[in-house]
Amino acid sequence: MMMPPHIRATFMPNPPLRHLPPFQRKRAVGITGVASFLQHFERTAPPPRKLNPTPKSIREAKRKAAQAANEARLAPLVEAYRAEQRACGGEHPVSGMNCYNTLFVGRLAYEVTERKLLREMEAFGPVKDLKLITHRGKSRGYAFVEYEHEEDMKRAYRAADGMRLEGRAIVVDVERGHTVPNWLPRRLGGGLGGTRSVAFLFLLLSCIVPFVD
């Protein structure tokens with residue numbers, strides 16, 4: 001059967017592949033180590049390293065300098081406070097309160113008056129004296145309550161902490177300034193600002209145990 005040349009070319013086999021000689025792998029150039037170059041290395045001692053201050057180290061140095069200056073400024077005030085603590089004998093030198101029967105009440109709403117606070121604290125026992133701390137006629141948000149009997153003070157200490165007055169939960173604590181050794185107020189670098197955190201749990205227990213039998 002005769003086919004046109006252009007159709008017959010479609011069925012013709014491909015030409016044979018061109019033969020190529022096998023690939024000859026070249027030998028790699030020999031690689032040597034650095035031992036032969038050690039004699040060219042510098043053998044003199046390196047220059048001293050100069051450490052420039054970083055922003056973090058500058059801030060830390062400023063913080064330490066400020067802390068040292070503050071401690072030096074507070075040192076005579078702390079000594080005077082310690083002397084007052086030793087001389088008071090558990091009695092406040094100004095108000096005459098018996099500090100072992102006195103509670104500190106903090107975080108008071110500014111609307112709380114002495115009469116309102118007295119009405120709430122008398123629920124735990126007879127109150128001998130109560131002083132709401134004010135400045136220029138306005139409440140500072142804390143007060144001191146002296147009970148007639150120490151048992152009433154302990155009962156109020158256990159029950160009144162966290163009580164809500166005028167919508168705010170109050171903090172009730174023992175009067176530490178004249179009863180707890182080595183105590184310092186916050187203005188002298190002490191205080192218990194984290195009394196509601198776990199970090200101060202053991203410190204709180206060590207201060208509270210003598211008052212709660």
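This passage walks through a four-stranded sheet, the helices packed on it and a nonpolar surface patch. The model is a predicted one, in which local features need pLDDT of at least 70 and side-chain atom pairs count only at pLDDT 80 or more, while totals for chains, interfaces and linings use all residues. Residues are numbered from 1 along each chain as its sequence is written, and side-chain values use heavy atoms, with hydrogens and water left out.

Let us begin with the sheet. Its four strands form an open sheet in the order β2-β3-β1-β6, with antiparallel pairing. Strands β2 (127-135) and β6 (171-174) stand at the edges with a single partner strand each, so one side of each has no neighbour in the sheet. From one strand to the next, the twist averages 25° (axes are lines fitted to C-alpha atoms, for helices over the stretch in contact, and angles run from 0 to 180 degrees between N-to-C directions). Here helices (H or I, at least four residues) and strands (E, at least two) are DSSP runs, numbered from the N terminus, and two strands pair if DSSP finds at least two bridges between them. As a general reminder, strands of a sheet pair through backbone hydrogen bonds, either parallel or antiparallel.

Strand β1 (residues 102-106) can be followed to each of its partners. Four bridges join β1 to β3 in the antiparallel sense, and Phe-104 has Phe-144 of β3 as its bridge partner. Towards β6, β1 also pairs in the antiparallel sense over four bridges, with Gly-106 partnered by Val-171. Two helices pack on this sheet. Helix α3 (residues 114-121) touches β1, β2 and β3 (138-147), and its direction makes about 145° with that of β2. Helix α4 (residues 150-160) touches β1, β3 and β6, with its direction at about 145° to that of β6.

Next comes the question of cover. A residue is called buried under 20% relative accessible area, exposed over 50%, and partly exposed in between (1.4 Å probe, protein chains only). Four of the five residues of β1 are buried, so the strand is mostly covered. Thr-102 in this strand has 2% relative accessibility and is therefore buried. Beyond its neighbours within four places in sequence, Thr-102 is in contact (heavy atoms within 4.5 Å) with residues including Met-97, Phe-144, Met-153 and Val-174. Asn-101, in the loop between α2 and β1, is buried as well, at 9%. With the neighbours within four places again left aside, the contacts of Asn-101 include Val-145, Tyr-147, His-149 and Met-153. Met-153 is itself one of the buried residues of α4, and this helix is followed by Gly-162, whose phi is positive, near 90°.

Gly-141 belongs to β3 and, with 6% relative accessibility, counts as buried. Although Gly-141 and Tyr-110 are 31 residues apart in sequence, they are 5.8 Å apart in space, C-alpha to C-alpha. Not counting residues up to four places away in sequence, Gly-141 touches Tyr-110 and also, among others, Val-105, Leu-108 and Ile-133.

Finally, the surface. Val-34, Phe-37, Leu-38 and Phe-41 make a nonpolar patch of about 400 Å². Patches are made of residues with over 30% relative accessible area and no salt bridge, with like charges joined within 9 Å and nonpolar side chains (Val, Leu, Ile, Met, Phe, Trp, Tyr) within 5 Å. A salt bridge is a side-chain nitrogen of Lys or Arg within 4 Å of a carboxyl oxygen of Asp or Glu. Accessible areas come from the Shrake-Rupley method with a 1.4 Å probe, and for residues only the protein chains shown count as cover. Phe-37 lies in the loop between α1 (5-8) and α2 (55-88) and is partly exposed, at 46%.
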